[in-house]
Amino acid sequence: MFADMGIAPSAPKMVLESCSDNLYAKSMNNPYKVELPFSETGAVASNEIAISGKKITVNIDLGTRVVKQVAKKGEEILDYIYLGTSNRKTSSDSAAFDRDLYKRVRERIEARLWTDGMSNGDKIGALAGYINATARYPDSPTTNPYENPTYWEDWAVDGKILEYWMFEDVTLSEIMALRGGIADCYAAQILNRAAKEDLGLTYLFDGKTVADGEGVWIGTGSKSSNPSNPGHMSLWYKDAEGKKGCFDAWGLDGGYNKGVTCEEHDCRSKIIPLG
């Protein structure tokens with residue numbers, strides 16, 4: 001996605017600093033314990049007290065999302081870990097960068113889906129249909145390496161399925177839903193953002209009542225298209241004449257196309273190029 005948007009990330013730069021003096025000074029009062037390499041259930045604590053070590057600082061640019069750190073002894077890999085690099089604070093440079101990037105990605109897709117003759121409701125429906133036809137539902141059979149190896153090869157790293165929200169990277173999680181990645185029913189928030197920011201529609205629901213005029217609002221649980229599911233989310237749209245319609249956006253296998261592979265569904269050909 002970064003390459004398609006003309007954003008070339010630079011290689012991370014590492015700075016090593018000795019922290020032995022600090023660790024030794026703390027070893028008598030508030031010592032740091034050594035952690036052995038991570039297992040499937042997390043870090044394994046040791047009784048060893050750290051009295052020497054190095055501080056590693058990794059400097060990255062705004063186009064870098066994840067850094068893999070590898071610990072080696074000679075050529076033997078002792079351990080590795082992935083670090084999410086995004087910053088969710090709304091005042092941060094990376095947060096502003098993410099919001100702008102997300103909007104630009106969305107607008108490029110909308111430019112291919114929307115025509116002048118379409119109503120606002122038609123445009124929202126087209127975006128929902130695009131997500132439904134290209135994204136995959138979390139933990140569905142079609143994200144499994146045995147059921148759908150093509151998808152797995154595109155989105156797996158070190159034998160684990162790559163999901164940006166693992167790093168609480170909300171903005172890029174929504175971009176992922178627009179690139180044939182993973183999306184659940186909360187992708188209705190993408191429709192909501194498109195309706196408000198790209199179509200200029202008003203958000204009508206104040207928590208109690210729906211205002212007059214054309215606009216949108218999010219419905220969850222009993223107020224969604226699936227009232228029996230308390231966690232389901234849908235986008236409601238009301239046109240200028242007062243006619244209401246409900247839109248859902250979620251990945252394949254979220255209620256239909258169960259078990260269909262990328263080859264059978266031809267979903268990869270439906271992904272709109274950004275470049």
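How much area does the protein expose, and what share of it do carbon and sulfur atoms supply? In this predicted model, the exposed area comes to about 15,800 Å², with carbon and sulfur atoms supplying 51% of it.

Here's the overall picture. The chain folds into seven helices and twelve strands, and of its 275 residues, 36% count as buried. Take the contacts between residues at least 6 apart in sequence: 59% of them join residues at least 24 apart. On the charge side, there are 31 positive and 39 negative charges, and their mean positions sit 4 Å apart.

| Property of the protein | Value |
|---|---|
| C-alpha trace span along principal axes | about 75 × 40 × 40 Å |
| Exposed area | about 15,800 Å² |
| Separation of mean positive and mean negative charge positions | 4 Å |

Now for the inside. The largest nonpolar core has 40 residues, and the members touching the most others are Leu101, Ile124, Ile131, Leu178 and Leu191. Helices and strands both feed this core: α2 (93–113), α3 (120–134), α5 (170–177) and α6 (188–198) each put in at least two residues, and so do β10 (215–220) and β11 (233–238).

Ile124 is worth a look in the viewer. Leaving out residues up to four places away in sequence, Ile124 touches Leu191, Ala195, Leu199 and Leu201, plus Val216, Leu235, Tyr237 and Phe247. One of these partners, Leu191, is also among the core members with the most contacts to other members.

That's not the whole story, though: apart from the largest core lies another one of nine residues, including Tyr151, Ile161, Ile182 and Leu252.

Terms used. Residues numbered from 1 in each chain as written. Predicted model: local features only at pLDDT ≥ 70, side-chain atom pairs only at ≥ 80, totals over all residues. Heavy atoms only, no water. Core = buried A, V, L, I, M, F, W, Y, C linked by side-chain atoms within 4.5 Å. Buried < 20%, exposed > 50% of the residue type's maximum accessible area, 1.4 Å probe, protein only. Helix = DSSP H or I, 4+ residues; strand = E, 2+ residues; numbered from the N terminus. Contact = heavy atoms within 4.5 Å. Areas by Shrake-Rupley, 256 points an atom, 1.4 Å probe, with all protein chains shown as cover. Lys, Arg positive; Asp, Glu negative; His and termini not counted. Charge placed at Lys NZ, Arg CZ, Asp CG, Glu CD.
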